[in-house]
Every structure is written in structure tokens, then in C-alpha cells.
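Work through the exercises below with the sequence and the structure at hand. Each task is followed by a solution in steps.

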Amino acid sequence: MRCFVAVDIDDALRQKIVNLQKELAPLIIGKEVERENLHFTLKFLGEIHDEQVNDVKIALAGIANNFEKFDIDIIGIGAFPSKGYVRVVWIGAPKLFNLQKAVCDSLESFGKEKDITPHLTIARVKNVKDKKMLAEFFRKHENINLGTLAITNIKLKKSTLVATGPIYEDVDGYDLR
């Protein structure tokens with residue numbers, strides 16, 4: 001099954017992101033991430049076999065046991081690979097770094113991360129309609145603060161790809177201490 005490790009977000013944050021997506025939509029040709037699919041990915045695992053799922057579950061349980069619940073500020077907006085060549089638009093969460101690094105280090109056998117940038121993808125971009133207006137969008141929201149999110153657990157999620165987009169399902173959840 002195709003899996004990833006994530007942190008879910010609350011409805012208040014979802015609505016703020018949807019409002020930002022509405023402002024972004026006229027500036028790009030692409031696809032906004034569906035409201036129900038908004039999350040922070042800590043580690044994409046790809047296709048994993050059933051026997052690997054148990055190893056992942058054990059690793060995630062250990063990580064959750066080593067982290068206390070904490071709050072993060074949802075701050076800033078960015079793009080991959082860069083704001084000059086946009087393919088992904090994201091919202092930042094710098095305080096997720098330590099948790100994300102722990103997950104990536106523990107699950108390194110599923111691929112090593114080059115750079116860890118805690119983020120939540122809000123849109124995937126095929127083309128930019130208006131580069132000047134998109135640059136202004138980034139300037140306007142560069143230091144946006146969408147609020148605080150309580151990080152209380154991490155989840156192993158399954159992703160099923162269908163014609164209309166991915167469908168995410170929780171496989172298991174791990175409460176932080």
C-alpha cells in the first residue's frame with residue numbers, strides 16, 4: 001500500500017487555508033489540495049509491503065513515546081522548488097522540524113530526505129497565469145501567521161490514487177505523551 005506519515009490539522013486552520021487557496025487560484029493553472037486532504041506530511045514512504053507496515057508502526061510508536069504534546073505556529077508561505085519557478089505552494093511550520101527529523105531518521109530505510117522543510121502543501125502548480133501577481137501574493141503572505149496548532153499525535157496514512165485525486169485513510173495513530 002502507498003503510505004505516508006502525517007499530522008492532521010483542525011477545522012479552523014483548514015478554513016484559513018481554504019481562504020488563502022481562493023486568493024491563489026486565479027493566479028495559477030494547477031490544483032489546490034482538497035480541504036479534507038490538507039495535512040502536514042512528515043515522511044512519504046511510498047509503496048510498502050504488509051510486513052513493512054509493522055516495522056513502521058513500531059518506529060512511530062517509539063517516536064510518539066519520545067515526544068511530548070506541543071504547539072506550533074503556522075507561519076509563512078513558500079514554494080518548491082523556488083518562488084521563481086513554482087510547482088508547489090506551501091504553508092510553513094518551523095516548529096515541526098524536530099518531530100519531522102525524528103520520523104525521517106527513524107524511517108530512513110524508506111529514503112533519505114535531502115532537506116527537511118516542515119510544510120503543508122496547499123496547491124500544485126502546472127503553470128503561472130500572472131508571475132507579477134503571484135510574486136505579489138508571496139510578498140503579501142511571506143510572514144502570514146495562520147495561528148497555532150496543537151500537535152498531539154502522528155498518523156500513518158494510506159493514499160489511494162483515483163482519477164479525481166488521492167483518497168487518504170488513517171491506518172493507525174500514535175498519541176504523543
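Strands here are DSSP runs of E with at least two residues, numbered from the N terminus. By that rule, proline 81 is found in strand 5 (residues 77-82). The model is predicted.

**Exercise 1**

Determine which peptide bond involving proline 81 is cis, and give its omega.

Solution. Step 1: take the bond from phenylalanine 80 to proline 81; this peptide bond is cis, with omega near -5°. Step 2: set this against the general case, in which most peptide bonds are trans. Step 3: follow phenylalanine 80 to a contact, as histidine 119 touches Phe80, along with Phe40, Thr41, Trp90 and Ile91, when residues up to four places away in sequence are not counted.

**Exercise 2**

Decide whether histidine 119 is buried or exposed, and find the polar partner of its side chain.

Solution. Step 1: locate histidine 119 in strand 7 (residues 119-128). Step 2: compare its relative accessible area of 18% with the cut-off for buried, which is under 20%. Histidine 119 is therefore buried. Step 3: look for the polar contact; the side chain of histidine 119 reaches the backbone oxygen of threonine 117 at 2.6 Å.

**Exercise 3**

Apply the same test to arginine 14 and list its contacts.

Solution. Step 1: arginine 14 lies in helix 1. Step 2: its relative accessible area is 11%, so arginine 14 is buried. Step 3: with neighbours within four places in sequence left aside, arginine 14 is in contact with Ile9, Arg35, Glu36, Asn37 and Leu38.

**Exercise 4**

Work out how the buried residues of helix 4 are arranged and what covers them.

Solution. Step 1: the buried residues in helix 4 (residues 131-141) are Leu134, Phe137, Phe138 and His141. Step 2: viewed down the helix axis, these buried residues fall within an arc of 95°, so they line one face of helix 4. Step 3: on the other side, Lys132, Arg139 and Lys140 are exposed. Step 4: the cover over the buried residues includes helix 1 (11-24), strand 2 (28-32), strand 5, strand 6 (85-92) and strand 7. Step 5: at the N-terminal end, aspartate 130 caps helix 4, with a side-chain oxygen 3.1 Å from the backbone nitrogen of lysine 132.

**Exercise 5**

Classify the packing of helix 1 against helix 4.

Solution. Step 1: the two helices pack at an angle of about 150°, with their axes 11 Å apart. Step 2: angles over 145 degrees count as roughly antiparallel, so helix 1 is roughly antiparallel to helix 4. Step 3: the contact is made by Leu20, Glu23 and Leu24 of helix 1 and by Leu134, Phe137, Lys140 and His141 of helix 4.

**Exercise 6**

Derive the edges of the open sheet from its strand order.

Solution. Step 1: four strands form the sheet in the order 3-1-9-10, with antiparallel pairing. Step 2: strand 3 and strand 10 (165-175) each have a single partner strand, so they stand at the edges, and one side of each is without a neighbour in the sheet. Step 3: check the pairs. Seven bridges join strand 1 to strand 3, four link strand 1 and strand 9, and 10 join strand 9 to strand 10. Step 4: five of the seven residues of strand 1 are buried, so strand 1 is largely enclosed by the rest of the structure.

Note on methods. Residues are numbered from 1 along each chain as its sequence is written. This is a predicted model: local features need pLDDT of at least 70, side-chain atom pairs count only at pLDDT 80 or more; totals for chains, interfaces and linings use all residues. Side-chain values use heavy atoms; hydrogens and water are left out. Buried means under 20% relative accessible area, exposed over 50%, partly exposed in between (1.4 Å probe, protein chains only). A polar contact is a pair of N or O atoms within 3.5 Å; within protein, one must be able to donate a hydrogen and the other to accept it, and residues adjacent in sequence count only if both atoms are side-chain atoms. Contact means heavy atoms within 4.5 Å. The arc is that of the directions from the helix axis to the C-beta atoms. Two strands pair if DSSP finds at least two bridges between them. Axes are lines fitted to C-alpha atoms, for helices over the stretch in contact, and angles run from 0 to 180 degrees between N-to-C directions. Angles under 35 degrees count as roughly parallel, over 145 as roughly antiparallel, 65 to 115 as roughly perpendicular and the rest as oblique.
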